[in-house]
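Subject: Handover of a structure

Dear colleague,

Please find the structure below, passed on to you together with my notes. I would be grateful if you read the notes with the coordinates open beside them.

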Amino acid sequence: MEHERTLGDGEDLVIEMRKISKQFSGVLANDEVDFTLKRGEIHALLGENGAGKSTLMNILYGLYSSDGGEILLNGEKKEFSSPNQAIQNRIGMIHQHFMLIPTLTVVENVALGLKDQRFYRLNLKKVEKRIMELSELYGLAINPWARVGELSVGEQQRVEILKVLYRDAQVLIMDEPTAVLTPNEVTELFIVLRDITKRGNSIIFISHKLWEVMEISDRVTVLRDGRRIETVETSLTTREKLAEMMVGREVILQYDHPPVRVGAPILQLEDVHCADDKGLEVLRSLSFSVCAGEVVGIAGVDGNGQKELAEVVHGLRHVDFGKIFFNREEITNKKPRQIIARGLAHIPEDRHSTAIVMDFSVTENLTLMNFDSPPFTTYGMRHSRVCTEYAQRMSDLYDIRGGGVTEEIRNLSGGNQQKVVIARELDRNPDLLIAAQPSRGLDIGATEFIQKQLIAERTKGKAVLLISTDLDEVLAVSDRVLIIYKGEIMKEIIPSQASFEEIGLAMAGVRD
Ligand SMILES: Nc1ncnc2c1ncn2[C@@H]1O[C@H](COP(=O)(O)OP(=O)(O)OP(=O)(O)O)[C@@H](O)[C@H]1O
Ligand SMILES: [Mg+2]
């Protein structure tokens, strides 16, 4: 494809980043990184959590200023001191965490910040027209007058893409765009991305999923510890080679399940019904149990009641009908605090809004659930040294990197923030662990570690409820898998005895 073109004269390069360096208090996030982007290419950026991917892209987008190095756009030296300048130079970015305003409509979100919006109301019609044209052109179906907060994650991402296309971007930076998408949505997104590059625009694509990188990209650049390790043509490499470049060793995501005697039921749901945020019934007659010594996986397409299932068990959502038992005691509609005290740990899907406090340090976030009890506090006295030592130990154990335990968690990379939540919840030695999308956003080394931990918990005799839309993960980790569809269990399978086709049909709601 684009590979045959000659390089070096700068003609085909849209972006050239030369020797980019960026230091944060104590962390060299980018160390003389070279990066080039060709016209019409999809260039993947790979690296472990904290390797410096988001930082490099934030520099290109004008969010951070670099400490050294230079950026050339179409062969011309440029400096962007704000995203606005980057946008004016036709560079767009879709962040790891969306930046849309949920209470506004699609049209309003796209119009936000446009320069020619002086006659705001009048021009919204024009904006709508253009959105519809673009949506048609790129196959990005959307209702322009829907409120963004009511859209699914996949649809919200379409709005982000439309926003960038609306501004006529020639370079589209996508920071882990697939992390929150279902397999079908990923397929749809890839069609859109190919379309965008066919029109001569270029894309920088960040992902931890190697098969995605292999499928969608033309070239790959691997970062490790802030340095560029290599840039390779995708067609000349393999998943295994990329994994090795990233972590410096071979990674095999295949696990043993040492035999354990399955014990008493720890969690039991009986005919549970509940409504979603819009008041529509989302769990319908849900019944199942999880016993001590087993991982029960919940598989299914996102939005079939998974989120609400975790919430009713945690006491965060009202159960309208039916009963929930934890260690044989009824906990239906009890307060979260009471349920947690009985031995529940929960790694929630939406970690940003529910599991961490952005302004708190790593130490404070690690001790969030029990800061007021021993050993962290005795007789009303908080022992900061004990907290720090504990946080240090957890950071080593879970490989939490970036800035140290006193750093505000907002300054950690996406994956490292996640590791903080996982470390805290696993260390509470729960009877029941609910893990929702536990490896979302984690690099392959961290994914392997976390998945092994889930199995280790179960081998210790704990009950683990794994909720994941990643079928590979559910099948690799679970002892039993329940397939959920529209708030009901469609089917139960044993991972070693089922085919992908069979599971796919059940996920689509087809009964045998
Ligand atoms: N604003 C900031 N203040 C302090 N340190 C920061 C800041 N932003 C990033 N860092 C640090 O720079 C390093 C690189 O972070 P970056 O977010 O670029 O990683 P990443 O490759 O995107 O990782 P992930 O896959 O987890 O998203 C990390 O050690 C991180 O803690
Ligand atoms: Mg990142």
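Tyr398 is buried, since its relative accessible area is 7%. Phe449 has a relative accessibility of 28% and therefore counts as partly exposed. Before going further, I should state that the model is a predicted one.

**Aromatic pairs**

These two residues belong together: Tyr398 and Phe449 form an edge-to-face aromatic pair, with 5.5 Å from centre to centre and 90° between the planes. Tyr398 is part of helix 13 (residues 384-398) and Phe449 is part of helix 15 (residues 444-459), so the pair ties together parts that lie 51 residues apart in sequence.

The structure holds four aromatic pairs. Another of them joins Phe190 and Phe205, again edge-to-face, with a centre-to-centre distance of 5.9 Å and an angle of 70° between the planes. Here Phe190 sits in helix 6 (residues 183-198) and Phe205 in strand 8 (residues 202-206), and the pair links parts of the chain 15 residues apart. Both Phe190 and Phe205 are buried.

**Domains**

The protein chain is divided into domain 1 (2-90 + 169-247), domain 2 (99-167) and domain 3 (265-507). Taken over C-alpha atoms, the centres of domain 2 and domain 3 are 34 Å apart.

**The surroundings of ligand 1**

There are 22 residues around ligand 1, and those that come nearest are Gly50, Lys53, Thr55, Ser413 and Gly415. By class, the shell is made up of six nonpolar, twelve polar and four charged residues. Domain 1 (2-90 + 169-247) and domain 3 (265-507) each supply at least three residues to the shell.

Three polar approaches to the ligand deserve a look in the viewer. A polar side-chain atom of Ser413 is 2.7 Å from an oxygen atom of ligand 1. A backbone N or O atom of Gly415 is 2.8 Å from an oxygen atom of ligand 1. Tyr64 places a polar side-chain atom 3.4 Å from a nitrogen atom of ligand 1. Taken alone, ligand 1 exposes 640 Å², of which the protein buries 91%. Strand 2 (27-38), helix 1 (53-60) and helix 14 (414-427) are the elements that give two or more residues to the shell around ligand 1.

Helix 1 gives the most to this shell, with three residues. Helix 1 is also mostly covered, as seven of its eight residues are buried. The buried residues of helix 1 are Lys53, Thr55, Leu56, Met57, Asn58, Ile59 and Leu60. Lys53 and Thr55 thus appear both among the residues that come nearest to ligand 1 and among the buried residues of helix 1. Just after helix 1, Gly62 takes a positive phi of about 80°.

**Backbone features**

Most residues other than glycine have a negative phi, and most peptide bonds are trans. Against that background, three places in the backbone may interest you.

- Pro374 and Pro375 are joined by a cis peptide bond, with omega about 0°. Pro375 lies in the loop between helix 12 (362-366) and strand 17 (377-378).
- Tyr379, a residue other than glycine, has a positive phi, near 50°. Tyr379 is located in the loop between strand 17 and strand 18 (381-382). With a relative accessible area of 86%, Tyr379 is exposed.
- Glu176, a residue other than glycine, has a positive phi near 50°. Its place is in the loop between strand 7 (171-175) and helix 6. Glu176 counts as buried, because its relative accessibility is 10% and the cut-off for buried is under 20%.

**A polar contact in the loop before helix 6**

Thr178 is likewise found in the loop between strand 7 and helix 6. Thr178 is buried, with a relative accessible area of 2%. The side chain of Thr178 makes a polar contact with the side chain of Glu212, at 2.6 Å.

For your own inspection, I would suggest the following two questions as a starting point. Which element gives the most to the shell around ligand 1? That is helix 1, with three residues. Is Tyr379 buried or exposed? Tyr379 is exposed.

With kind regards

Conventions
Residues numbered from 1 in each chain as written. Chains lettered and ligands numbered in written order. Heavy atoms only, no water. Near = heavy atom within 4 Å. Polar contact = N/O pair within 3.5 Å; in protein donor to acceptor, adjacent residues only side chain to side chain. Areas by Shrake-Rupley, 256 points an atom, 1.4 Å probe, with all protein chains shown as cover. Helix = DSSP H or I, 4+ residues; strand = E, 2+ residues; numbered from the N terminus. Nonpolar A, V, L, I, M, F, W, Y, C, P; charged D, E, K, R; others polar. Domains from an automatic or database assignment. Phe/Tyr/Trp six-rings, centres within 6.5 Å; stacked < 30°, edge-to-face > 60°. Buried < 20%, exposed > 50% of the residue type's maximum accessible area, 1.4 Å probe, protein only.
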